[in-house]
Amino acid sequence: MRSKKAYRSKLRILVDMLRAIQNAEGEGVGPTKILYGANLSYDRLMQYIDELLEKGLISVKKNKDGSQVYILTDKGREFLREFIKVERFSRAFGIEV
Amino acid sequence: MKLYCERSSTKRVDRMQDIPISLIRLDLLFESVAGLISLLVSRRASIAYRITHEYRLSDLSTGFLVLSASMFCRVIGTLYFFVILNNGGSERVILIVSIMYSAIKTMAYLLFLVATRPYLMHRASAPAIALVALPILLDPVFDIISTFILVIITLQTLLNLASSRSEYSLYVFLGFLSLLISHLSQLFATMPLRGYFITQVFQLIGVMLFLLMVYRAGRV
């Protein structure tokens, strides 16, 4: 009987992006992988990446070949852990986040 | 309607005065623990709201806060009149404390009802909300209203459990079910002492199930 919300909230999009970065297991991930992992358009992606960088949840790492990858910071990892707890708590009461 | 309210209030006062002091002290302990647990759950919901800005979580937090307030109000009132003064206090005072306790608890349950309503309720809100008004029209006694609201909440959480099939939803469903049983035992108990004791035990079990959910959900 419970139906999910028709749209993803901004918080949910940011979490999906963080999870896409986390799945790379410390090696870092480029923008394309985040794009597909979080199912976003390019414009939205860059907008949200700036926001994540600003909040200190991710950081940029430059590879030897000059490419740029994004990695989770400790704050980002902590945020994801906290979000999982919040998600479980909310869903227990039938509340979508 | 007025005569019915007076009769049920007198019945509530009579029940309180029949209960031995030792059981009241145990009851106060149960209620205090339940009040503390409700505060913890309220805090958890408040943290969740701060992160997500989902208004239902704010309603949930306020609901548990109000529930906690009702419990502590009753503890303070009962402690003062039955334990410290040891004379039971005047009937009027007991009546006021009882009504306040029931009214505040009913407000908490209304908040839970709003917070846990299914998302489909947006389209069907008018008839559903009208159902909540039904017990108020038929019988304005708070105990009946609270019980009716808890029936709806329990059904809502059961629907949530059926769709999510998670252990956390199970704890929430069982928690509200225990609260419902505590109210039903209060309404239908043939022996005041036994009914009173069962009410307090099931209320404590209910909030402990919420605490268990918070603990389990917090293990990452």
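Q: In this predicted model, how many residues apart are K85(A) and E82(A) in helix α4 of chain A?
A: Both residues lie in helix α4 of chain A. Their spacing is about one turn of the helix. They also form a salt bridge, with the closest N and O atoms 3.8 Å apart. In sequence, K85(A) and E82(A) are separated by three residues.

Q: Are K85(A) and E82(A) buried or exposed?
A: Buried means under 20% relative accessible area. K85(A) falls in that class, and E82(A) does too. The answer for K85(A) and E82(A) is buried.

Q: Which residue forms a salt bridge with R12(A) at 2.7 Å?
A: The closest N and O atoms of this pair are 2.7 Å apart. The pair links distant parts of the chain, from helix α1 to helix α4 (residues 74–92) of chain A, 75 residues apart. R12(A) and its partner are buried. That partner is E87(A).

Q: Which residues do salt bridges with shared partners join into one network?
A: Salt bridges can share partners, and here they do. The R12(A) to E87(A) pair is a salt bridge. The network made this way consists of R12(A), R19(A), E87(A), R91(A) and E96(A).

Q: How many salt bridges are there over all chains?
A: The cut-off is a Lys or Arg side-chain nitrogen within 4 Å of an Asp or Glu carboxyl oxygen. The K10(A) to E51(A) pair qualifies, with its closest N and O atoms 2.9 Å apart. Over all chains the count is 14.

Q: Why does the pair K10(A) and E51(A) tie together parts that are apart in sequence?
A: K10(A) is partly exposed at 42% relative accessibility. E51(A) is buried, at 15%. K10(A) lies in helix α1 (residues 10–22) of chain A and E51(A) in helix α3 (residues 42–55) of chain A, so the parts they tie together are 41 residues apart.

Q: Which helix gives the largest share of the nonpolar patch?
A: The surface patch is formed by L26(B), L29(B), V33(B) and F197(B). Together they have about 310 Å² of accessible area. L29(B) is one of the residues in the helix asked for. Three patch residues come from it: helix α2 (residues 21–52) of chain B.

Q: Which chain A residue is in contact with F210(B), leaving aside neighbours within four places in sequence?
A: F210(B) is among the residues that touch the most other members of the largest nonpolar core, which has 66 residues. Its contacts include V41(B), F64(B), V172(B) and F176(B). The chain A residue in contact with F210(B) is F93(A).

Methods: Residues are numbered from 1 along each chain as its sequence is written. Chains are lettered from A and ligands numbered from 1 in the order in which they are written. This is a predicted model: local features need pLDDT of at least 70, side-chain atom pairs count only at pLDDT 80 or more; totals for chains, interfaces and linings use all residues. Side-chain values use heavy atoms; hydrogens and water are left out. Patches are made of residues with over 30% relative accessible area and no salt bridge: like charges are joined within 9 Å, nonpolar side chains (Val, Leu, Ile, Met, Phe, Trp, Tyr) within 5 Å. Accessible areas come from the Shrake-Rupley method with a 1.4 Å probe; for residues, only the protein chains shown count as cover. Helices (H or I, at least four residues) and strands (E, at least two) are DSSP runs, numbered from the N terminus. Buried means under 20% relative accessible area, exposed over 50%, partly exposed in between (1.4 Å probe, protein chains only). A nonpolar core is a set of buried Ala, Val, Leu, Ile, Met, Phe, Trp, Tyr and Cys residues joined through side-chain atoms within 4.5 Å. Contact means heavy atoms within 4.5 Å.
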